[in-house]
Amino acid sequence: MSSHSNSIIQASGISLSMGGTQLLANASLSVNMGERLAIVGSNGAGKTTLIRCLLGLADPDSGSIELNGHPLSETSRTELAQQIAYVPQQLAERISFTATEFINMSRYAHTGGASMNQFDHQGTEAVEEAIEQTNISHLRHQSLSTMSGGERQRVNIAAALAQKTPILILDEPTAHLDPKQRGLIHKLLANITKNREITLVVITHDLNWASSDFDRIIGIRDGHIEIDARADTFMKKEVLMKVFDTELLLHPHPDSGRAMILPHSSCSSPSTSSPKS
Amino acid sequence: MTDRAKSKVLVTMVGFTLLCILTTPWLGQQLTSWDVLFSPKADKVDAIIFWQIRVPRVVLALLAGAGLSLGGVVFQALFRNPLATPFTLGVASGASLGVTIAMVTGIHFTLVGLSATSLASLLGAILSIALVYGVARASGKTSPSTMLLGGVAISFFFSSLILLLQYLSDAGSSFRILHWLMGDLSRASMDSVLQLAPFVISGIVIVSIFHKELNLLSITDDIAASRGVDVHRTQKLLFFAVSLMVAGIITVCGPIGFVGIMAPHICRILIGANHRFLIPASILFGASFLTLCDTLARNITSTAEVPVGIVTAILGGPFFLWLLFSKKNSPV
């Protein structure tokens, strides 16, 4: 477990049940300032419920969450939005706002009732910086409904960056993306956190990415935090078995030597089964 | 579409609405001379028709059209459903049930300037709002989809009660109920304008203040909350403010259909989904559209007026289909 001295988020013994199902059971974690933390686990393990609790979107039945030493339950939505930005899994295709409109909206917590683009000069700078960082200048006036999944996800991240918060929480930011788009998002997140000014919390199923780009990995199973370890010690068969209840194939990366997960072969070799062309 | 282009569309809409205001009072079976403009108090038939019948009717159509269209914009954003309007949530059927009961029982009285029918309509609408919200809250399920389904169920329940009462009533009452259900502005007077204005104006003011929250709420509750919106408080406030505004409109004009559901979509096609532009656009479009429809409704035949609710659907349906299929990248 990490030290609490530098912690920006501190959750202690949080439990949450819904409709008779235990979604989180006595989960405790701390997130340190400037840290890159990955949360992994099987589908339905409680990862999204955990971050919904950290974001104040779900109220735990028991336990406590503190943000910068203050109870989350006593923090207003505006104060919370000035501290944590959230990137949901995927934006629905039906959203027809342009990229600029969508990114501008993330300045809500800073502008209050003032009209966007008129009084929020800092906001205009933040929006422009986020557009530049995510390389989406060409999408400014395009509707989200006409963008590809990768483009929409970059706009999604740009909006969170424009919120100018010290903490960024992302829920499976590369799910449903092709390898090229995944690589772009990985690079983008590595760039924005390289100065350690932003604390990054990411839910992902990409264990190879988690082990290579993050400082720490938390493994959740059935609502319990099974393991909280440094990334370089996470990729071990026994650890992965504990979290995923399945045997995963590990192999060293040819360049870095880090352990990588390879898919199990589930069919006979291509030489014997490939169709004739 | 840039903000500059959207502003131009809005300016065009303002111009069109002004044109409607300036021209429609002059249109009717009875030609009126320009003199009436300078003698509003005169006893001449021309002046009475112009100032006491047509002008209040145009103002009433403007207010009702603006309110119904705005109600649709807000409910479609709050419930993230293109078919949501205050009508879908049972406000219209609640008001209609109140009026049906008043008409079948033949109650006649006036209370603080409101007739028994108006009062029954307002009470019916408030009852349906309270029922939808109360049931959702009591069950702990205030999600948009649950409230929408609850509203649809209550709407069907009230509609069936209306049909039952109509079936059991005499022919005269049944015809009056049917006529009221079609929506009608022929009862317009300065009194009805003064009754309706506070509902619509307060609704417009409240919704306009919350245009940024509506943008965020139209995406998802989680996005809105994570950006800093107090989701439950804002949803509750907008739900009651808009429901009451529409209840006021139905009380005075009857349930005029189509405007609330289609005008917001037409405006989204014309100006985009940003509520900073969509709210004024839908107010202007709804106001001018209902005014034009009502002008047509009172002039389409020389013998009798057609209820405006019929005209709104006959004119608006094909227009909406044309816009929907002719414009590329339509946000609808």
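A salt bridge here is a side-chain nitrogen of Lys or Arg within 4 Å of a carboxyl oxygen of Asp or Glu. Keep that cut-off in mind, and remember that you're looking at a predicted model.

**Stop one: the charged pairs.** Show chain A and chain B together; 2 salt bridges run between them. For one of them, select B:K6 and A:E101 and display the side chains: they meet in a salt bridge, with N to O at 2.4 Å.

**Stop two: the polar contacts.** Widen the selection to polar contacts across the two chains, and you should get 11 residue pairs, counting those with both residues at pLDDT 80 or more. Now colour the chain A side by element: α2 (77-83), β6 (84-87), α3 (99-105) and α4 (108-111) each give two or more residues to the side that touches chain B. Recolour that side by residue class and it splits into 15 nonpolar, 12 polar and 4 charged residues.

**Stop three: the whole contact.** Select everything that takes part, which gives 31 residues from chain A and 24 residues from chain B. How much area do chain A and chain B bury between them? About 2300 Å², with 54% of it on carbon and sulfur atoms.

**Stop four: inside chain B.** Leave the contact and pick B:D294, on helix α12 (residues 275-299) of chain B. Is B:D294 buried or exposed? B:D294 counts as buried because its relative accessibility is 2%, and the cut-off for buried is under 20%. To see what surrounds this aspartate, skip its neighbours within four places in sequence and show B:R57, B:A61, B:L185 and B:V308, which B:D294 contacts.

Technical notes
Residues are numbered from 1 along each chain as its sequence is written. Chains are lettered from A and ligands numbered from 1 in the order in which they are written. This is a predicted model: local features need pLDDT of at least 70, side-chain atom pairs count only at pLDDT 80 or more; totals for chains, interfaces and linings use all residues. Side-chain values use heavy atoms; hydrogens and water are left out. Contact means heavy atoms within 4.5 Å. Buried area is the accessible area (1.4 Å probe) that two parts lose on being put together, summed over both. A polar contact is a pair of N or O atoms within 3.5 Å; within protein, one must be able to donate a hydrogen and the other to accept it, and residues adjacent in sequence count only if both atoms are side-chain atoms. Helices (H or I, at least four residues) and strands (E, at least two) are DSSP runs, numbered from the N terminus. Ala, Val, Leu, Ile, Met, Phe, Trp, Tyr, Cys and Pro count as nonpolar, Asp, Glu, Lys and Arg as charged, and the others, Gly among them, as polar. Buried means under 20% relative accessible area, exposed over 50%, partly exposed in between (1.4 Å probe, protein chains only).
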